[in-house]
Each structure stands twice: as C-alpha cells, then as structure tokens.
Amino acid sequence: MRGKQVIKLTVNGEPYEVEVEPHMTLLEVLRDKLNLTGTKGSCGVGECGTCTVLVDGKPFLSCLTLAITVRDKNILTIEGLARDKKLHILQKAFLEHGAVQCGFCTPAMLLTAKALLDENPNPTREEIREYISGVLCRCTGYVKIIEAIMSAAEEIRRRGSEYE
Amino acid sequence: MSEFSWVGKPHPPLKMEGVPKVTGEAIYTVDVKLPGMLVGKILRSPHPHAKILRIDKSKAERLPGVKAVLTFEDIPKVKYASSFRDMPMATSGTLQPPDQYVLTDKARYVGDPVAAVAAVDEYVAEEALKLIEVEYEPLPAVFTIDDALKPDAPQIHDHAKGNIAAHVKYPFAQGDVEKGFAEADCVVEGTFFVPRQVGAHLEPQACTAYVDPTGKVTVWSPCQLTFPLRRELAKIFSLPEGMINVVTPFVGGSFGTRLSLYCEPIAIALAMKTGKPVKIVHSKEEDFSTLETRTADRVTVKAGFKKDGTLIAMQMKVYTWAGAYAARAYLAGPILLMWGLGHYRCPNTDGECFVVYTNTTPAGAMRGYGNPEASTVVEQIMDMAAEKLGIDPVELRLKNVKKAGEPSNLGPCPIESTYEDECIRIGAERIGWWEKRKLKKQEGVKRRGLGMAAMMHCSGAWPLLIEHSSAMIKFNEDGSVNMIINPAFPGTHCWTTLAQIAAEELGISPEDVHVVTGSTDTAMFDLGSHASRTTYVTGNAVLEAAREAKRQLLERASKMLGVSPEELTVKDGRVFVKADPSKGLTIGEIARSTIWDLKGESFNISGKASWSSRYSSPPTGAYFTEVEVDTETGEVKVLKFVVVIDCGRVINPMTVEGQIQGGISQGIGYALYEDYVINKKTGVVESDNFNTYRIATNYEMPEEIEIIFINKPDPKGPFGAKGVGEPAMVGVAAAIANAVYDAIGVRLRELPITPEKILKALKEKEKG
Amino acid sequence: MVRVLTPFEYFEPKTVEEASNLLRDYGEKVRVLAGGVDLLARIRRREIQVEGLVCIQRIPGLDYVRQDSEGLKIGALTTLRTLERSQEVRENYRLLFDAIHSIHSIQVKNMGTAVGNLCIATPASDVAVSLLALDAQMKIAGPSSERSMPLENFYLGVKRTALQPGELVTGILVPPLPKGSFGAFMKLVRTATDIAKVNVAVRATLRNGGCEEVRIALGSVAPTIVRARKAEEALRGTRLEREAVVEAAERAAEEVNPITDIRSTAEYRREMVKVLTRRAVEKIKVEAGVKG
C-alpha cells in the first residue's frame, strides 16, 4: 500500500475522514491536517513525552505512531479535555497550583494525568511520579505538577465528576 | 492583615496567560500557520572546519515544489553577532564584534549553515537539501581550549589571532593581590572545569518570516530579546528598524538559550526571495547541535584568608570555551569573573578571562549567565578554605558576605539591599547543619553529606548593560486597563506578576489588567527577558506608568467629587474620600465619563513610562542540601534541598516557588547528569537529543524541598521586589558538589559529578 | 536533522502467514512494525532506511498473556504495559515484572511490545536480560514452518538476530519456575527513564539452603545480552556463602566485554557487573532467608 488514502479517526469525539500517507505520524496528521496544534512535538525519539495523546484512553507518543495504524480508534487530544467550555478539574488544578510554566509539556502532562486518574482514581504520590515520568518538564521541577494531580484526584473523587 | 491587596499573595496565572496553555490553544512559534506558507530548511556543514569551494544548487532548484535555494552568494555579505553587537558592556566599553554570516562560505563547526531552501513541504525541502552539491575543502579543526591555544593551531577567524576572541581583564580589580597573598595566613588554590549545559527547552527553535508587499518584515520568533533582535536584523538587511516587526508568540522555554538570534535571518531571506511566508522549525537534534549552550570554562582560583577567616586576596583566571562564533560567550566568560570576584568582600582582587574560539557549537548564555559556573568554583574554594582554616563553612561565609551599601558584584554601584547573612543562618538551621555534621560518620556503603552555597546575583545587568523597559497603561470605560508591555514571556508568568504590580497601584484586580503584548510594533521598548530583570526593571516601568495613570484618575475624580486629589484613595475598583469612604465613584464611572465627556473635555486616562535602571539590587540566598553517595556504584542521590531566598518583597509567592523548584531541577542536572559530548575526532555533538543528553526527570528531584523567603523590601524594586529567575539555580550545583565532598572526602573538580568520576576518584584516594 | 519519516510502502497482513510471505519476498528492504517506538525513531533519524513496513498490529490472536502448565505465554503484540498489569506476571514471574516496572515511561510501555523489545536486539534491554535469566523460548514462524529457539541463541550481534528471511517472532514462552525459585533484577541508569548502563538479572533455585541451579544474565556489557556462565558455576552447589558470591561477582566481571559510550565507560561497567551481581545474589539470599 503506497500513496494517499482516506482513514477514519475519532478525535475528541468528532469523527474525521482524513487523507494520509502511510509514513505520516499521528502528530503530523493532528497538527497539519486537523489543525489541532495543542499537541506538541519535540524530541522525535520517544524520550520527552511532549507529543502524548490518548489512544483509546491510553497515553501514546503521537510522534512515533503512524496515523494509519490508529484508524478507527478514539483519540483524545488536549483540545478535547475541556467540555462545554468547562475546564477539566485537572486543568484547573494545574493553573491553581502553579503547575504550568512555559506550558509546552502541559498538554502531555494533563493527558497522562487523566489516563492515570481514569485507571487509578486514588493514586499515591509515588504512583503519580511513576506514571508521569515519561513526560519531561524543564521548567517546574515537577513539584507543583505532582501537587496539582494529587489535588485534582481528590477533587474528582469528592465530586464524582471530572468537571465542576 | 497585609497592607497590600495583591502584592505578596499567591496568584495563579492570569486567565489570558494560563488558560490557553491548559486547553492547547496557546500558539507557540512552532504553531504559527499562515496562508501560502512555505517550509524552510537549512543545509548544515558536516565538517567542523572547511572552505566551501563550490556550491551547485541547480538540481535542487529544479525539484518540483522548491521555491527558493539560497547560498552565501544570495545573502547580504554583512557580518552579524548572534548575541547582538549593540549589547554594549557599559562598564568595559567593549562591543561584541560581528563575526558571523547568515550563510557562510567557510564552515567553522559541524552544523554551520551553508545553504537554505524554501519548499512546499517538509518532504520536498529535505529532498532539496540532498540535491545541493557542496564541494568542501576540509581544514584542520580544534575542539578544545588547549588545542585552540597551541601555537600551530588552525586559525578559525582572521580577526582573532591565536583563536582568542576576547581577552578581558577584571574591570573592578582592587588593591594588590600579590601583597594580599603574602599577608594571608592561608591560601587555597584550585583549577576547576565547569561544563557546557544545554537550555533543553522542549519547544524546538523555530521562526516564521513574512515580507508584505510594502516591504515590511514580520518575524515570529521565540527570542527573549525582541528589540535587540529587531535592531540586529535591521543591520543585516539594511532596513530601518520600523520596517521590521518582531512578534513573540508563547515561548516553550528558553533559559537563556533564546537570548540569541538563530534561524531568523535565514527565514527572512527565504521570505524575501519567495514573497511567501516561510517557516523554519528545527529538529531537536538541530537544537542540541547548533543552539548556544552555557559556556564551559576552565577556572583557576586562588584565595588568601587571615586566620580568622577574613578573605583578603582573590585572583581568578578563566579560559572560556567558546564555539565557532563568539556569541554570548563573549560576555558570559568575563561576567563569570565578576560573579566570582565580586560576591564576597575582598580588598585585593584581580583576574582575567580569555574567550577561546574552537570549531564547536557556539556557546553562550544559560540561566545565570556565568554565575552557576562561578558559584560552582568559588563556593568549593570557600569550603576548601574553611577546612584548611578549621572554620565552619557557614561561619566562613558569614564572615565575608557583603552588606548593603558596599559595591555590588557587577561593579561599583552600591548594593541597595542584601540579606545574605540571614539566608545563610536560616538555611543552616532548617537543614540541621550543626547537629548533622557532628553526627556524621564516614563509614558504610552509603554515605551522607551536607553541603551549602551562598549566592549573590543581579536584578538586571546594570551597570554592565543598559537596562531599559517601558510600559503603557490606559483605562477602559469598564474600569479595567490595558497594560502594553513587551518583555517576552518564556513561562515565568511575568504578565501576572506585572499585572499584580499594576493592580496594586491602581486599586483594581489583576484580572482587570488586560495585557497587550507580543510584538515590537505594539509596545514601547523593552530590552527583553534576561538577567532576572523583568519584575525589577519592567516592573518599575509598569509601576511608574500606573502611578501616572492613577494621578490622572484621582485628578479627574477630584473634579467630579469636588474634593482635592490628596483626600482620595482607590481600592477594589473604587475611588473614594479617605475620611468618608461612602463618598466615591467606581473607576468605571470615572473612566467612562472621561472618555465620553459631554462637555467636550474627553481624554483617555493613561500613563506611560520608560524605566532605565541605574541601581543594583542583587538577590541573595543560600542553598543547603543533603545527599547520599553509594560508594560502590558512585551514584549520588539528592535527598533534600533548603533554599532561602532574599529576592526582596515577593510579589507572587507561587511563581517564585515555581522558579526555585525548576532551578533546583536544572541545577541538579548541571551538577550530576547533563553532559554535552562533542566527538573528539569529528566535532559532532553526540549528546544531540533528550535520549543522549539527560535532564532531570521527576525521579531525580529530592523528596524534600523547603523554600524560605526573607521577604524584605528592596529600596529600588517595584514594591521592593528583586529578581529571582536565574538565582533559582545559581548555587544548586555548588551545594551538591560540597555535599558530595562532605560525604566521601573526595572533591571532583569537573561537573557533571558522574558515578564514573566518583568511583575513579575514590579508587585514587584509596591508592593514596 | 530531519523531522519527518521517509516515505515507505505499508503492508498490513491479516495473518502470520501473510506477514511471513511479505518478509520473505521483500527481505532486508522491509521491517516489521509492532509498537514502533524504536523503529520509527530510527527511521526518523535516518539510522536505517526502509522501503516498506509490515505492520502486524492487526493480525488477530497475537495479543495475549496467559499461564498454563507449559509456562507463561506472551504474544507478539502484547505490550509491556499489559504484562506489567498482568497478575500472573506480577505474582509468578516477579523477575520479569521488576524489569518491566523499571522502565519508566507509561507511553513506551503502552506502545512497546515485549517481543519487539527483544527483536530490536539491543544489548541494553531490561526485558531481554530478565527473560534470558528466565530461560525464555522464542516462538518463530516462517513461510513454511514454525520453530522455537532459546532466547540465549537468538542474538548474533549488536542489532542482529538469528531470524531467517521470512521469519518473525510470534510469541515467547517462559518455562514454569521450579519450586524454590528466586530472582533479582538490578540496573544502573543515568536518570530514571534512561536505558541501562548495566543491568543484571539473576534467577536461582534454592533447595535446603543450597543453590541447585542459577542463571545470571547481563546487559549493556557486551555486543549482546550475555550469560555469566563462569559466575553461575561459582555459585552452583554452594550455600551462597559470602566467598562464593564474591567469587561469582568477580568472575562475572571477567566474562564481560563492555565498551565506553555516551552512557558510561567500559571500566565502570565492568566494575558494576561485579557490584550488581553480588547485590542481586545478596537480595535473593535475603528473600530466601539464607544466612551468611
């Protein structure tokens, strides 16, 4: 199979039909074809985690995923985390705890944290450290990111909802 | 209760500064997209040193989808300085010599740009690069300070004999060092090597340029110094400054790396040639291999003390390992001398710095600009002296720290405020310095050690550099203001801090300060974000502008209320009579009636100010750490950090804490992990991405971090604030190095302190 | 210095047989795409050139982990994360769990497969080192036949495996662990998420305080992962007395052939083989309650 073909993707709940070539990464398709530039790229070698999106709920590196291999799957990008103009509790917590500085790792951190809380609503500090360790942050020293995730987890448990 | 409404209170980022970052809507330079945009790509030299004999671009030009191919022949033959020739070192009067072409005919490092293409997409652009035929004549190359200084070393630049880019004598030398050493009871001396460090911001370097039909150039760039960038670009392309607009989108980290100019002129040249917007985005390999790193330096220090610990003589000799172009190494090396010799009180000082060209990636600035380097060396010398003198390291520092009114570290300008002694005392107490050091046993496989470093930095680089910022504030009908500023915003949330300053003065909420920023066309001059200056210098400009706006507001209110302006005050969006708070008007009422004045006396209440800083308010602090060293594997674990910071009055504790935590992570990386490896035979950067160049993950952070603010106002800072961005990392590596020595009794004179080096040193120690 | 992948042909076989035929027909020009983490990064960096990828992700029946009387069975598409979360792995094959758990990127573990990790044939693989200590068998399918091969014989050199044209690995079999089996995995890294400078996996069968059988696997210290046979010899039949352990560790260090690279030095690696081997055996002793 060579050349262009149309694949179906569900991104942030929206169905898309998009023309791709086999060598195009999910990152390229999201950013260049769907104009969803919230997903960022950096190292391209699987080391920084910046390009993380959720594929069927799981954190994936979009820069090392061929778009064609995730056809028909559900993709969640940072643009899909807020709902009906309401921020996800993780997003609010990141802001309120000062867990965001330059913001370039933030989409990946938030989506990774969401996957963690979906899997384990009551994580320990150690479990958070482990789960987010694949996403590098050069600004914050990670302290406030971990605090924000701890606090958001508690808030989501208390409310029984990810949104206020 | 605090006397302030906003200053000193933790404030999350303003909505406009924070929300787009969590929703993915924030546009960074890599995200800029314009209709008809082309992709630019740079052909870089594979040789560390080579003459270009011939370039044939015809094949590349013929490839469908290629819109332009440029070589040195197509670019103005104007030399520039990547760190801006117009950044004068005010004190020494030296100016950066331009030594670089946009596209070169002589490659001086692996990665030097030799040609560029613009094409319809990344794939075509890459293909086109392969079709450019370049015939090189490889020349002998030098990669180290020592090799570059050999008498028969190849000359990298015609203007720099012996590859010396600069030889700078310490401009603030005092007394007579030889006499000082002769009078000293104890002299310590040591040579240290401090390594390169990569900014390692996550957002790849990028730039988009567009030239409109009138010839106006718009450049989207993550550069931290937008106005100096504009001026340098104007020189390169012989354009008036007003014909260039530098736009700063959100910046995905910068840490000093982005003080300089990189692919901007190439993007402009391609845009001029094609008439289309051209965007260049680096690969991360390109970033690691071609962006300026922190300089590496070989530093020899000699320090003489009296028996009681008084420092009486200090001498430093620095060899700064610059790359193929002087870049910011030209300033960073000499400033290292100033940080080192100017920190402690000392009557006899002397020093010199040689900045040495090599055929490697240009070196320059990274967070702290020579101070983490100086601190790593001088703070270890202080510990060595303390041991030799039999004085506790804490006491030795307390004996020698400067007081307010003494000359600052960056020149004769007096220190406005310093609480360094208090920082040291509090830090020692909080980490349990005396108790733990008494209990310490050097036995067993895992050994613990305590270390410390004292710190003095700067709030803006006056009197070395011109420190000029401006701000405009105008009231809207609703009582909110627009604050027009342009300090660049690499993630420090300075909009929020500056809005807190404005809001405090104007009696409104920070969320009612709408920040207008992001381009040189929009705002008045601002030098940019560097040297821990934004809060201190731009903050003062904002405060001055707010004062003027407030003066106009109260004057207008006084007319409306029929009382004198002195009788009025403003708080929570309302102007009222101090003696009778019930009598007043909302700011909205005043602003609206002033803009829409039916009597025909309309005006817009506003203030503007330029602040040219002429003061030295150095932030000071102390870093204490406890580490554990595994003597079998050589691994170092940082267990705890206590950082006590005197950054004047803290405007926003949340962001200041964030700076310090981030500084600890970068300092830990600098001390233990980050290793910039250049192949000794080929000159190729081997640590060219995050897999080979290791920055701290969350696992490398200590379990315990305690941050303490002295929080005493500085006389010249806005609301008493001083800088903190760089200080956050200055003493981290020094404290770790001292703690490692405390743990295992071996001092490593070269960062990073890797397990390999520790084991080797321990073995040598065993052998005696 | 490039940001995109080179264009290539893409195949998505529906069966192992179809995949095998493609691999046979195209030979060296194509590669198998499973998780893709290592492969796509290397294509992007132009370290390898490919004309085509054979994506096996949609072949049914290759994503499983189960334990039966023959041992632990892992499919070619089973991700590291699936294994890490498998109760069988965590409870019964702790050595494998520890190795996977030491890989600190949830993203890589969600995408990367255990089989893929073995097939990229890096000598630093944590998974391969633990599976070598566990004496894993590779299940290999070819165009006309299937075969199995001990992991120990699978590697021929750096990034080179014993796979023949047309062959692909369809699964792994980890034999059942005998009673009295203990294991320990250890590694040294620069920072937590880095690949190992040195990694060591030891699996021993202890009976009545004596070491009946032992396998020591070492990574990042030779062109392939290796077994430290002389070190094993020094432990077999002993009661893991301190002298025997020290002797084994010394021997292990002599058996390896490390290099200096960006992550560490040859000298350090050799020394660390000694330290980690000793520490791994000591850990087993503690777990097994062996004194001395």
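A polar contact is a pair of N or O atoms within 3.5 Å, and within protein one of the two must be able to donate a hydrogen and the other to accept it. The exercises below apply this and related criteria to a predicted model.

**Exercise 1. Describe the interface of chain B and chain A, beginning with its polar contacts and ending with the residues that make up the side of chain B.**

Step 1. Across this interface, 27 residue pairs are in polar contact, both residues being at pLDDT 80 or more, and six salt bridges are found as well. One salt bridge across the interface joins Lys144(A) to Glu657(B), whose closest N and O atoms are 2.6 Å apart.

Step 2. Turning to the helices of chain B, H1, H8 (284-290) and H17 (653-673) each supply at least two residues of the side that touches chain A, and H17(B) gives the largest share, with eight residues. By residue class, that side of chain B divides into 24 nonpolar, 19 polar and ten charged residues.

Step 3. In terms of contact, 53 residues of chain B meet 50 residues of chain A, and the area buried between the two chains is about 4,000 Å², with carbon and sulfur atoms giving 54% of that area. Within chain B, the residues that lose the most area to chain A are Val22(B), Leu202(B) and Asn698(B), which together account for 18% of what that side buries.

**Exercise 2. Work out how domain 1 and domain 2 of chain B meet, given the division of the chain into domains.**

Step 1. Domain 1 of chain B comprises 15-26 + 468-612, while domain 2 comprises 32-139 + 200-290; their C-alpha centres lie 38 Å apart.

Step 2. Between them, 23 residues of domain 1 are in contact with 20 residues of domain 2, and about 1,600 Å² is buried, 62% of it from carbon and sulfur atoms. Phe489(B), Pro490(B) and Thr520(B) supply 33% of the area that domain 1 buries against domain 2, more than any other three residues.

Step 3. The domain pair has one salt bridge and seven residue pairs in polar contact, both residues again being at pLDDT 80 or more. On the side of domain 1 that touches domain 2, helix H1 (residues 15-23) of chain B gives the most, with four residues, and that side divides into twelve nonpolar, seven polar and four charged residues.

**Exercise 3. Compare the surroundings of salt bridges within chain A and chain C by assigning their residues as buried, partly exposed or exposed.**

Step 1. In chain A, Arg158(A) and Glu155(A) form a salt bridge with closest N and O atoms 3.1 Å apart, and both lie in helix H5 (residues 143-159), three residues apart, or about one turn of the helix. Arg158(A) is exposed, because its relative accessible area is 60% and the cut-off for exposed is over 50%.

Step 2. In chain C, Arg42(C) and Asp38(C) meet at 3.2 Å, N to O, and lie four residues apart in helix H2 (residues 37-44), about one turn of the helix. Arg42(C) has 14% relative accessibility and therefore counts as buried, whereas Asp38(C), at 24%, is partly exposed.

Step 3. The side chains of Asp194(C) and Arg190(C) meet in a salt bridge of 2.7 Å, N to O. Asp194(C) is at 5% relative accessibility and so counts as buried, and Arg190(C), at 13%, likewise counts as buried.

Methods: Residues are numbered from 1 along each chain as its sequence is written. Chains are lettered from A and ligands numbered from 1 in the order in which they are written. This is a predicted model: local features need pLDDT of at least 70, side-chain atom pairs count only at pLDDT 80 or more; totals for chains, interfaces and linings use all residues. Side-chain values use heavy atoms; hydrogens and water are left out. Domain bounds come from an automatic or database domain assignment. Contact means heavy atoms within 4.5 Å. Buried area is the accessible area (1.4 Å probe) that two parts lose on being put together, summed over both. A salt bridge is a side-chain nitrogen of Lys or Arg within 4 Å of a carboxyl oxygen of Asp or Glu. A polar contact is a pair of N or O atoms within 3.5 Å; within protein, one must be able to donate a hydrogen and the other to accept it, and residues adjacent in sequence count only if both atoms are side-chain atoms. Ala, Val, Leu, Ile, Met, Phe, Trp, Tyr, Cys and Pro count as nonpolar, Asp, Glu, Lys and Arg as charged, and the others, Gly among them, as polar. Buried means under 20% relative accessible area, exposed over 50%, partly exposed in between (1.4 Å probe, protein chains only).
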